[in-house]
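Student: I am new to this structure. Please take me through one part of it closely, the place where the ligand sits, and then show me what else deserves a look.

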Amino acid sequence: MRPAAATGERRGGRISVSYRPFRVCVVSYMSQILPGVRVLLGVSGGIAAYKAAELVRRLRDAGAEVRVVLSANAARFVTALTFQALSGNPVRSSLWDEAAEGAMGHIELARWAGQVLIAPASADLLARLAHGRADDLLTTLCLATTAPVAVAPAMNHQMWAHPATQANVACLRARGVRVLGPAEGSQACGESGSGRMLEAAELVAALAATGSVGELAGQRWLVSAGPTYEDIDPVRFIGNRSSGRMGFAIAAAARAAGAQVTLVAGPVALATPPGTTRIDVRSAQQMREAVLAQVDHSDVFVSAAAVGDFRPAAAAPHKFKKADGHSGLELSLVQNPDILAEVAARSPRPFVVGFAAETEQVEAHAQAKLARKRLDLIAANEVGHELGFERDDNALLLLWPGGREALARTDKTTLAQDLVARIARLRARQVAG
Ligand code: C5P
């Protein structure tokens with residue numbers, strides 16, 4: 001039987017036709033504006049929790065993978081079964097789930113997420129997030145994740161306007177949490193005002209527009225940067241002239257394109273690129289430990305650090321003294337582990353990018369390194385003679401198995417963006433083929 005009346009409409013990439021009195025979606029596609037993005041949807045306790053079910057559908061229509069965590073109070077409004085069916089994944093609500101926590105499930109979940117979205121976010125949840133509480137699964141995940149966090153507040157308009165709530169929201173915003181909404185309108189309590197949760201389609205569109213969901217959304221990049229210092233005694237070390245600027249620019253560019261970025265930094269005087277997680281190290285051995293601890297969770301490893309090749313066999317416990325009758329000092333050096341080669345030798349391994357800083361025969365040395373270390377890509381540059389280190393600009397020769405491209409001299413920010421785009425393209429080809 002044909003319904004009585006039909007009207008066609010287009011909304012945010014979705015074409016639907018509504019029939020009165022029913023509304024039936026006859027063409028149900030939403031352009032994939034969140035392709036492959038791993039969205040961890042947190043649902044807190046509030047009547048708007050019922051809208052989160054629709055949100056799961058819309059997120060999946062947009063191409064996202066969704067896992068749902070319910071707060072204890074959310075489970076009073078909606079059931080885990082609904083979300084399990086809609087997301088196609090098990091739903092978690094407790095930090096004390098023995099089966100999942102045997103394998104540190106909350107940390108796995110925090111690492112899995114490419115984007116955390118809490119919708120609805122109740123006044124209580126916002127307060128607990130602002131205070132860094134970790135007394136349930138959802139708040140613990142928000143502390144443990146490196147993914148961007150967005151919240152969609154939903155509450156009575158007086159609660160939303162309360163200075164305590166506003167202070168909590170300001171605090172969360174200052175920490176980089178995106179606050180989506182709330183909207184104005186009639187509320188479940190019968191009153192009207194600001195406090196309605198945004199509609200599912202609006203939330204999906206807002207997520208796609210955050211910039212945190214760019215070309216590299218859902219990818220985890222590990223970048224090493226800067227020099228390493230190898231201690232000779234408590235006051236002296238062997239270092240090198242790397243400023244870390246190239247690696248930091250790569251981390252910033254990958255982050256801007258939507259990746260989750262962990263930056264392992266040697267001793268440098270540079271500000272952490274916003275939105276990245278920074279691990280400071282000093283020596284090559286510390287850098288190796290930090291990289292190996294992260295690498296299993298990484299899709300791409302860019303080794304931009306100028307890792308010291310040698311270190312003193314043992315750092316002296318006290319400062320060396322000039323001794324009478326000795327005109328020199330002999331240091332015994334041992335070779336440092338090659339972190340890049342070690343990562344490239346793993347299986348499975350991320351897409352592995354190395355650097356080759358050369359003072360002569362750049363291409364020949366870089367080609368040899370590409371093959372010897374079994375890299376997916378090497379970025380070679382000439383250093384010394386006022387080139388490369390400690391400068392704001394650079395030029396790179398990119399070599400990969402079967403290809404080459406020269407990136408002309410420019411500032412390191414632009415160069416890093418170009419390099420990140422090339423890495424993304426080559427990796428996509430590798431994944432596809
Ligand atoms: O062999 P070479 O030091 O020229 O290789 C440079 C590349 O190898 C860089 O990407 C650097 O980060 C990495 N490397 C490393 N561990 C070392 C030496 C270099 O990861 N011990």
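Tutor: Here is a walk through the ligand site, followed by the strands and some backbone details. Keep in mind that this is a predicted model.

Start with the site itself. The ligand sits in the largest pocket. Which residues surround the ligand? They are Ser303, Ala305, Val307, Asp309, Pro337, Asp338, Ile339, Leu340, Gly354, Phe355, Lys369 and Lys373. By kind, this shell divides into six nonpolar, two polar and four charged residues. Two elements each supply at least two residues of the shell: the helix α13 (339-344) and the strand β18 (351-358).

Now look at single atoms. Ser303 uses its side chain: a polar atom there lies 2.6 Å from an oxygen atom of the ligand. Ile339 uses its backbone instead. One of its polar backbone atoms is 3.1 Å from a nitrogen atom of the ligand. Leu340 also comes in through the backbone, where an N or O atom lies 2.8 Å from an oxygen atom of the ligand. How much of the ligand does the protein cover? On its own, the ligand has 440 Å² of accessible area, and the protein covers 88% of that.

Stay with α13 and β18 for a moment. The loop between them holds Pro348. The peptide bond from Ser347 to Pro348 is cis, with omega near 0°. Move on past β18. The loop between β18 and α14 (362-372) contains Gln361. Its phi is near 40°, a positive value in a residue other than glycine. Why point these out? Most residues other than glycine have a negative phi, and most peptide bonds are trans.

Next, turn to the sheet. Five strands form an open sheet in the order β4-β3-β5-β6-β7, and their pairing is parallel. Which strands stand at the edges? They are β4 (65-70) and β7 (178-179). Each has a single partner strand, so one side of each is left without a neighbour in the sheet. For β4, look at the pairing with β3 (residues 38-43): the two strands run parallel and share six bridges. One pair to find is Leu41 and its bridge partner in β4, Val68.

The sheet also has a cis bond to inspect. Pro120 is found in strand β5 (residues 115-121). A cis peptide bond joins Ala119 to Pro120, with omega about 0°.

Finish with a hairpin. Strands β8 (residues 183-186) and β9 (residues 192-196) pair in the antiparallel sense, over four bridges. Ser186 stands opposite Ser192 of β9. Five residues lie between the two strands of this hairpin. In the turn, Gly190 has a positive phi of about 95°.

To retrace the route, go back to the pocket. Find the ligand there, then pick out Ser303 by its side-chain atom and Leu340 by its backbone atom.

Methods. Residues numbered from 1 in each chain as written. Predicted model: local features only at pLDDT ≥ 70, side-chain atom pairs only at ≥ 80, totals over all residues. Heavy atoms only, no water. Near = heavy atom within 4 Å. Polar contact = N/O pair within 3.5 Å; in protein donor to acceptor, adjacent residues only side chain to side chain. Areas by Shrake-Rupley, 256 points an atom, 1.4 Å probe, with all protein chains shown as cover. 1 Å grid on protein atoms, 1.4 Å probe; cavity = no way out; pocket = protein on both sides within 12 Å on 5 of 7 lines; lining within 4 Å. Sits in = over half its atoms within 2 Å of the grid points. Nonpolar A, V, L, I, M, F, W, Y, C, P; charged D, E, K, R; others polar. Pairing = 2+ DSSP bridges.
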